[in-house]
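Here are some exercises to work through with the model open beside you. Try each task before reading its solution.

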Amino acid sequence: MPLVILAILIAAGGALVLQNSLMARLSSQTSSILVALVLNSAIGLVVLSALLIGRNGLQGLAEVTGNLRGTALLPGLLGSFFVFASLLGYQKIGAAGTIAVLVSSQLGFGIALDYVRSGSEGPAAMVPSLLGAGLLVAGAIIVAANRL
């Protein structure tokens, strides 16, 4: 893996911890987690729209509206659910427990998706991934056990 991509992924992991910490604090000062979610989404929409307009002009917004279909809504809904669950986890079980559960579940579902997509690989080819996932899940249980 190129070092630049590795560095970006590591920075994104740190950014996610910081984002969720800030949003959990904000949501504890408001009437609902939904306030933090709406602010997060609204600010993201404004910034991303400005970047798109800066790059492609108003044609970029036309492309967005031209591609607005039912299937385009699902990723946004899933992303919002992920952020909601993260905030709830940060508030109830803390950052480490939340991250441990999220990462291990993402890895498990990712392995399953890769297996379904590959089709040709037999179960034996999945042994290293399954072993690694098992170790990660065991670690997640150890990290989160005292909080759940």
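## Exercise 1: two residues of one helix

Gly94 is buried, with a relative accessible area of 15%; buried means under 20% relative accessible area, exposed over 50%, and partly exposed in between, using a 1.4 Å probe and protein chains only. Before going on, note that this is a predicted model, in which local features need pLDDT of at least 70 and side-chain atom pairs count only at pLDDT 80 or more, while totals for chains, interfaces and linings use all residues. Residues are numbered from 1 along each chain as its sequence is written, and side-chain values use heavy atoms, with hydrogens and water left out.

Task: place Gly94 in its helix, then describe the surroundings of Ser104.

Solution.
1. Gly94 sits in helix α4, residues 70-118; helices are DSSP runs of H or I with at least four residues, numbered from the N terminus.
2. Ser104 belongs to helix α4 too, and counts as buried at 11% relative accessibility.
3. The side chain of Ser104 comes to 2.9 Å from the backbone oxygen of Ala100.
4. Setting aside neighbours within four places in sequence, Ser104 is in contact with Leu136, Val137 and Ala140, where contact means heavy atoms within 4.5 Å.

## Exercise 2: helix α2

Task: find what lies at the start of α2, what its buried residues pack against and what follows it.

Solution.
1. At the start of α2, a side-chain oxygen of Ser32 reaches to within 2.9 Å of the backbone nitrogen of Leu34.
2. Ile33, Ala36 and Leu37 are buried in α2.
3. The buried residues of α2 pack against α1 (3-28) and α4.
4. Gly57 follows α2 and has a positive phi, near 70°.

## Exercise 3: the core and a helix pair

Task: list the residues of the largest nonpolar core and describe how α1 and α4 pack.

Solution.
1. The largest nonpolar core has eight residues: Met23, Ala24, Ile33, Ala36, Leu37, Val83, Leu87 and Tyr90. Such a core is a set of buried Ala, Val, Leu, Ile, Met, Phe, Trp, Tyr and Cys residues joined through side-chain atoms within 4.5 Å.
2. At least two residues of this core come from each of α1, α2 and α4.
3. α1 and α4 pack at an angle of about 105°, with their axes 9 Å apart.
4. That makes α1 roughly perpendicular to α4, a class that covers angles of 65 to 115 degrees.
5. Among the residues making the contact are Leu16 and Val17 of α1, and Phe82 and Tyr90 of α4.

Definitions and conventions: A polar contact is a pair of N or O atoms within 3.5 Å; within protein, one must be able to donate a hydrogen and the other to accept it, and residues adjacent in sequence count only if both atoms are side-chain atoms. Axes are lines fitted to C-alpha atoms, for helices over the stretch in contact, and angles run from 0 to 180 degrees between N-to-C directions. Angles under 35 degrees count as roughly parallel, over 145 as roughly antiparallel, 65 to 115 as roughly perpendicular and the rest as oblique.
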